[in-house]
Amino acid sequence: MPLFNQSIRRKIVGIALGLIVLMLVTSILSMVMSSQVGVLLGELSNRYIPAYSHLARANIRSLERALALRRMVMTRMGSPSDEEAYAARLRDFEALDRKFEEEAETARKLINAIIDDPSTYSDNAALARLDVRIEGAVTELRRNLDDGNAKLLKQIEAKDMAEARGTLEQLDALRDAFNQRIDAIRADMLTQVFFSTSQVISRQRQAIIISGIVTVLAAVVGFAFALLVSSGITRPVRLLLAGTREVEAGHFDKTITVSTKDEIGELAAAFNRMIEQLRQNERIRETFGRYIDPKVVQGLIDRPEVAIDGQRRVMTIMFSDMSGFTSMSEGMTPRGLVKVMNHYFTVMSAPIRTHRGVIDKYIGDAIMAYWGPPFIEEDEPALLACFAAIDMADQVPALQKQLPDLLGIRAMPAPCDLRIGIATGEVLTGSIGSELMMSFTVMGDAVNLASRLEAVNKTYGTRILISQATAEAIGTACELREIDRLTVAGQSVPQAIFEVMSKAHGLSVPQETLRARYAEGLAAYRARRFDEARAAFNAALEAVPGDGPSRTLLARIAQFEASPPDEGWDGAWRLEQK
């Protein structure tokens, strides 16, 4: 079977086995060479160097022996003679004499051990000559010293000190001659040590060179096999990579052809099947993305069980409406009305999408959207909804200028503006509808509250109103103003509503003054100090003329002065059912 028709696993395993074999050969050669170097190092450290050391110590022992002899003579020459001290000096002399012979004999044994070891590369002839020279020097010194020592001791016993000095000088000359011979032997021994060291270095270099050659050979052979096999793998992988980049770019019309029969070929077939499935999914998204928010479409494709089962989640709901739409649409043709509404929804939907909101539906000229899991994290919905509302409000001036051009008129018959209501709370999410048609949407009190807050903007002359839960969720990320407390139909506990004035630190000095004066007026209003409240609201209007909430509460104060509220009035405004 050809190599490229093998599976990738077999190809890789084959290369790995070949490299392992080459590595084993390299390791075995390295171990053999290292063992030889180890033997040579062992001989150098255990025999050559100790033999040289014993020769050096033999020289030292001879000097110590001569010194002991002199001490012994000096003890005998003393008057009166100290026999006990003389006996001690004699024992020292004899002990050093034995040590001298032991050092020389140990050096000879080590040299003979080197000669007898066939596993090392030594100059055995030179070592044998050293052994003979050591033996001759020691034997000659022993013979001469024995005669001289006996003669010296007799002369000392006879108290013939003049003759004893002469004999002692002769013994020193013999010792000096011996030391010279030992120095020459040590020099030759040092030459042998250097020779053994050079053998170790040579073997070590040889081991390094051989290991390097085998390693390079293994690398070359391994690279050749890897290149041969990889060339049959990388080409189809490049084709797969090119196809993947096409998919990443959103092009699902290109398939790939791979001729190999290994795993790459199977991967190519699976890739082509994936491309076909992606084409079908893209057609679904393109078709339904115009009618359902793309996030919902993707969520239904990825997790269809969410739509079927339904879930309760805390979400933030937004309702937005265009004021003045009814009067504006009365004199428009259907085509012109559709053109205006499409442009309006395009402009107002962009901030919602930008801030990751999900557009639930378009209701007339109103937009319903929501933020919450699983589309975003649980701590983000309220903040993103308020940011989207601020951006939507910022689009109103440009939209007011664009509408006359879209309609082909010089000026709008009636001014248009934007009203937004936002509420946060637990809602039911899932596919809701009949067996014939269903819609993935949200339901609950938060949805109803958001819709009512959108309508309440008309009462207070505001653009963006949010519930108390939404205000608590966004914290200090936006500049808020408490507008009033409302009692919604069906609920007994009033809740505060807030106006979103801008993002954090975005208020002008007049707006800061407006918020402060309005807060003072609201507190006085709730405490039924209507004169103080009227003064504070008027001060707010001086800061920002035309402020809707201030004018609304001033009108309410005038109404209360004409018809005071009940004793149980808690300062909240009751919002009736729509």
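Ala, Val, Leu, Ile, Met, Phe, Trp, Tyr, Cys and Pro count as nonpolar here, Asp, Glu, Lys and Arg as charged, and the others, Gly among them, as polar. By that scheme, the lining of the second largest cavity divides into seven nonpolar residues, one polar and one charged.

This is a predicted model, where local features need pLDDT of at least 70 and side-chain atom pairs count only at pLDDT 80 or more, while totals for chains, interfaces and linings use all residues. Residues are numbered from 1 along each chain as its sequence is written, and side-chain values use heavy atoms, with hydrogens and water left out.

A cavity is a set of points on a 1 Å grid over the protein atoms alone where a 1.4 Å probe fits but cannot get out, and its lining residues have an atom within 4 Å of a point. A volume is the space filled by probe spheres set on the points, which are joined across faces, edges and corners. The structure holds two cavities of 30 Å³ or more, and the second largest has a volume of about 40 Å³. Its lining includes Y344, Q400 and D417.

Helices (H or I, at least four residues) and strands (E, at least two) are DSSP runs, numbered from the N terminus. These elements each supply at least two residues of that lining:

| Element | Residues |
|---|---|
| α9 | 334-354 |
| α11 | 396-407 |
| β4 | 417-433 |

The largest share, three residues, comes from α11.

Elsewhere, M318 is in contact (heavy atoms within 4.5 Å) with I352, W371 and I422, among others beyond four places in sequence.

How values were computed. On a 1 Å grid over the protein atoms alone, a cavity is a set of points where a 1.4 Å probe fits but cannot get out, and a pocket is an open set with protein on both sides within 12 Å along at least five of seven lines; lining residues have an atom within 4 Å of a point.
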